[in-house]
Structure formats: C-alpha cells, structure tokens
There are 2 protein chains.
Amino acid sequence: MDPMPQVPDYRPLYQQVRDLLRRRIVDGTWRPDEVLPSEGRLAAELGVSQGTVRKALDEMAAQKLVVRRQGRGTFVAAHSPDTTLFHFFHMVDRAGERQVPESELLDCRRGIAGPAETEALQLMPGAMVLRIDRRRMIGGAPAIVERIAVPQALFPDLDVLEEDGLPNTLYDLYQKRYGVTVGRATERLRAVAATAEDADHLGVEPGAPLLEIERIARDLDDGPVEWRLSRCLTDRLAYLSELT
Amino acid sequence: MDPMPQVPDYRPLYQQVRDLLRRRIVDGTWRPDEVLPSEGRLAAELGVSQGTVRKALDEMAAQKLVVRRQGRGTFVAAHSPDTTLFHFFHMVDRAGERQVPESELLDCRRGIAGPAETEALQLMPGAMVLRIDRRRMIGGAPAIVERIAVPQALFPDLDVLEEDGLPNTLYDLYQKRYGVTVGRATERLRAVAATAEDADHLGVEPGAPLLEIERIARDLDDGPVEWRLSRCLTDRLAYLSELT
DNA sequence: CAGTGGTCTAGACCACTTA
DNA sequence: AAGTGGTCTAGACCACTGA
C-alpha cells in the first residue's frame, strides 16, 4: 500500500488504511458531506483488497467519522442541528424525552483567557478568547444558563457574526464556517448553589441547587476547541447517561 | 443453520447467528467466564461459514457480551470488581482519576415496594423489595449516600448474606450468586438540596447542593433488576461523562 | 441499467497460547 | 505441535440508489 514507507509500519493493513483515510478527512481532502471514492477504487489505489478497505471504513463508520449509505456511497460525517443535539445535549424531561432548548443571547465579547480557560483550552498565556453567555429555555421557561469560551484564533469573526444571531446549535457552524469539527467531548457534572446572577436569570432563589456541566469539546485531532459551563435547573429536566 | 424454522427469518445470517449465541448465553448454556466452542466448531454446527460466525462474535465482543482472547478462545464476559467500577462508577477526582469508594452499610431490610420502586422495577403491586442503604467514603471522607432497591424475587437471601458483609461492588455478586447479569444501566442526574438525613451522613449543612444519580440497571433481557438513588458531594468529586 | 455498499463463502497465512 | 483467534485475499451474489 506504500512502496517506500519512511518508517516501516507493522500494524495490520486495515489499521494503516483506516488512519490514512482518517488523515485525509482531517486534512480536508474530503469535506463534510462529500462522498469518498468507492471501496473498489480505494482498494485499487492503495493496492489492498476490497475487504481490507471495507474493514477500515466499517471502523470509521462505527466511530461516526463517515456514514455509509447502501447504493449511494460512503460520506464524510457532517454535523447538523439534529445530530448535534442528539450527541451533545443530554437533558430529558420527566418522560425521558430529549427536549430541544431555545437560546437567548445574554452577552458576547472578546477577552484575555483566564486561568481556567487557558488550562481547559491549552492556550498560551494572554491568548484571546470569545465568550458567549446564553440563557436557554425549555417550553418557554428558563432552564439553563451557560458560558461558552472558544479560542479567538480558531473562530476569528464569531463575535461579528453574532449580530445576525447565533444558531441554536453551534457545532455545525464551527464545522461549516470555520472547518472545525467537534469529534468528542468530555463532561464533568457537579451540584452547585445558584449565584445571585444565576438565580436572577433562572427565576429561583440564590443558593438553589443547580446541575453544573463543564464540557471540553475537542476536534478530530483531539485538540480542545470549546470550553463550556452550563448551570441547569433540574426540577423538570434531568441529565441522561446511558451505560452500556 | 436451521433446517426447519417455524417462522422464516429473512434477516442476515450473521444476525441470526448472533442472536442465537446471545440466547444461549442468556439461557446459561455457557456461563460467565466459560469458553465458547471455537469459530470453526460453531460454523460446522450451524452450517454457516467461519466468517459469518466471526462477524457475529465480533459484534458480541463490541457489545461486551463476550471477550475474545487470541490463541485461547472466546469467553462469556463476566463482571469483576474492576469491570464493574470501570463501567458503572463514574465519579472522578479533580485530576480526572477514577476513585474507588469504600462502602459502609447503614441499613438493609425487606419491605413492600413503594410507587417509585414499583414503577422503576416494573413490579406487581405489593411485591417485596430489599432495600440497602449505604454510605460511601472516598479517602476516608463521606462522599455519597445511596439507597439500593432490588426485587426480592430475584435475590431471595441477599439480606441474610448481609450479615457477612456485602461486597463493595454488587454486580459481580448478582452475577455469580444469583445468575443475574447486569448488561446496561440508565442514569438520570439532578441537583438536589441535602435533607437533614443526607446532611447528617455527609457532614454538611441541610440544603447543601448534592448531585443525585438515579440508576435503573437491567439484565441481558432488558428487564430492570436494580433501582439505585445516590446523592453525592461534588466538592472533591465530579461525574465524568464521555461523549464520543 | 450501472454502480454502490451489504452479505456470504472458502482458503491461506500469521500471532498467540498451551501443552 | 496443535489449536485458537486475527488478518488478508478473491470472488460471488444480493439490495438499494439514481440516472
């Protein structure tokens, strides 16, 4: 598959193929929603059997890096409001139904990264970040307040865009406008007491228990691209976690 | 693979094989930690190719129903304290390290299922449950109080066993002593205010914010086998959720 | 209709484990 | 050395899609 590798690679062929195809997606050779060459073509190009390409693509599909559609082809996975909500928004109502929140912008401005942001986003000291404060409503009632911080270097004009109104789901915007694909995220959940400001936005008493969700979202190369701190009312909603 | 199926099955062969093997594990034909027949033997027995059996077993391995060990064979997955903690205990410290909690039994008694238990465990009205109240310590300090409720029908003498001290991880006990394998669980997280009793056990003020985790654990047939309500101090710990 | 991914097969060889 | 799962190949046929 590679006539003159600089460093001989003794890993199984299908893993080499998988990582090569993955690299091409990350590099932008094929962009989100684009179709990859067929299994047969890739096999011929790389000099391996179709079964080996298939095994590589199957693993990438399991990892949601590509989507396979019988009769049509294999496509680079793209975020959409639906997939974003499904994967990254875990609040459900009493009946266990996933609720779609509305967003209300509170504030959006640039600033120098604080210690927590520098640490979470692995920035150089003094780097600039954009901060977005939002309130999110479920069924018209305030449910969540959140602070989102992203490196300004990755999203140079996100704050200008704000004038036109930010979309409810940001990850498809990150992907389509800035070429930043969120591949995975880590969330840490804690219970905290509402600050005076939280209480004001959510319509509760200061000191009321809130579910705090701290999220670090990473791109396909595992670099941090977003730090997010959400505080949620959990009288009508709960965070759903499936252990399988 | 089946010469006279009562109802013709048009699903792919490997899915039929997968479900048949799965059925045998659930039925106890092969018990936890036992080795299955080799791929070749299964293929011959079922009249399919080895590749088809392989695809079925690979899916079961991805689902953690079996464990494959090169050179040795394919084994029915079994719980151990380690796998249980890794899969079902998500509290981590500030550094992101998973912490192993100690357990201190507070109470253990039988009772008639209340409405919440009847609902969660899908019991008949008036059915008996066993309730276990525990306090869990991290590094010697109280961190969690929890109530566990299980149908008495499934674990007839669990409360008698308590005299010898319950193990720290219950799921391997459920499996080895009662033949009940927990295959998956659903958790709902909320923020609540500590009751006077919570506060007493955890050494905080009443009203302090606690992370409440409500878990329903299910067996391999998806029937509920345990209902658990944990309340956690999150000053030193956080609930870790990986979104991939 | 041609082209795609999905299934199934048969066989070769490799890597690892146990005896 | 024998037996296991892991990799890789080649080829057949099926199911689905879109021109």
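Domain bounds here come from an automatic or database domain assignment. This is a predicted model, and I will start with how one chain is divided.

In chain A, the assignment gives domain 1, residues 13–76, and domain 2, residues 81–239. Taken over C-alpha atoms, the centres of domain 1 of chain A and domain 2 of chain A are 32 Å apart. On the domain 1 side of chain A, six residues take part in the contact, and on the domain 2 side of chain A, four residues do. How much area is buried between domain 1 of chain A and domain 2 of chain A? The figure is about 500 Å², and carbon and sulfur atoms give 56% of it. Within domain 1 of chain A, the residues that lose the most area to domain 2 of chain A are A:Val26, A:Pro32 and A:Lys64; together they make up 52% of what that side buries.

Next, the two protein chains. A turn of 180° with a shift of 0.0 Å along the axis lays chain B on chain A, with an RMSD of 0.0 Å. That is the relation of a two-fold axis. Both copies use the same surface, since 100% of the contact residues of chain B recur in chain A.

Now the DNA, beginning with strand D. There are 21 residues around DNA strand D, and those that come nearest are A:Leu13, A:Tyr14, A:Ser49, A:Thr52 and B:Gln70. Which elements supply at least two residues each to the surface near DNA strand D? From chain A they are helix H1 (13–27) and helix H3 (50–62); from chain B they are helix H2 (39–46), strand E1 (66–69) and strand E2 (73–76). By class, that surface near DNA strand D holds four nonpolar, nine polar and eight charged residues.

Of the atoms of DNA strand D within 4 Å of the protein, 78% are sugar or phosphate atoms, and the rest belong to bases. On the phosphate side, an N or O atom in the side chain of B:Arg41 is 3.1 Å from a phosphate oxygen of DNA strand D. B:Thr74 has a polar side-chain atom 3.3 Å from a phosphate oxygen of DNA strand D. On the base side, a polar backbone atom of B:Gly71 is 3.1 Å from a base nitrogen of DNA strand D.

Then strand C. Around DNA strand C there are 21 residues, with A:Gly71, B:Leu13, B:Tyr14, B:Ser49 and B:Thr52 coming nearest. Here chain A supplies at least two residues from each of helix H2 (39–46), strand E1 (66–69) and strand E2 (73–76), and chain B does so from helix H1 (13–27) and from helix H3 (50–62). The class counts for the surface near DNA strand C are four nonpolar, nine polar and eight charged residues.

For DNA strand C, sugar or phosphate accounts for 80% of the atoms within 4 Å of the protein, and bases for the rest. A phosphate oxygen of DNA strand C lies 2.9 Å from a polar side-chain atom of B:Ser49. B:Lys55 has a side-chain N or O atom 3.2 Å from a phosphate oxygen of DNA strand C. Finally, B:Gln70 reaches a base: an N or O atom of its side chain is 3.3 Å from a base nitrogen of DNA strand C.

Technical notes: Residues numbered from 1 in each chain as written. Chains lettered and ligands numbered in written order. Predicted model: local features only at pLDDT ≥ 70, side-chain atom pairs only at ≥ 80, totals over all residues. Heavy atoms only, no water. Near = heavy atom within 4 Å. Polar contact = N/O pair within 3.5 Å; in protein donor to acceptor, adjacent residues only side chain to side chain. Helix = DSSP H or I, 4+ residues; strand = E, 2+ residues; numbered from the N terminus. Nonpolar A, V, L, I, M, F, W, Y, C, P; charged D, E, K, R; others polar. Least-squares fit on C-alpha atoms with pLDDT ≥ 70 in both. Contact = heavy atoms within 4.5 Å. Buried area = accessible area lost by both parts, 1.4 Å probe.
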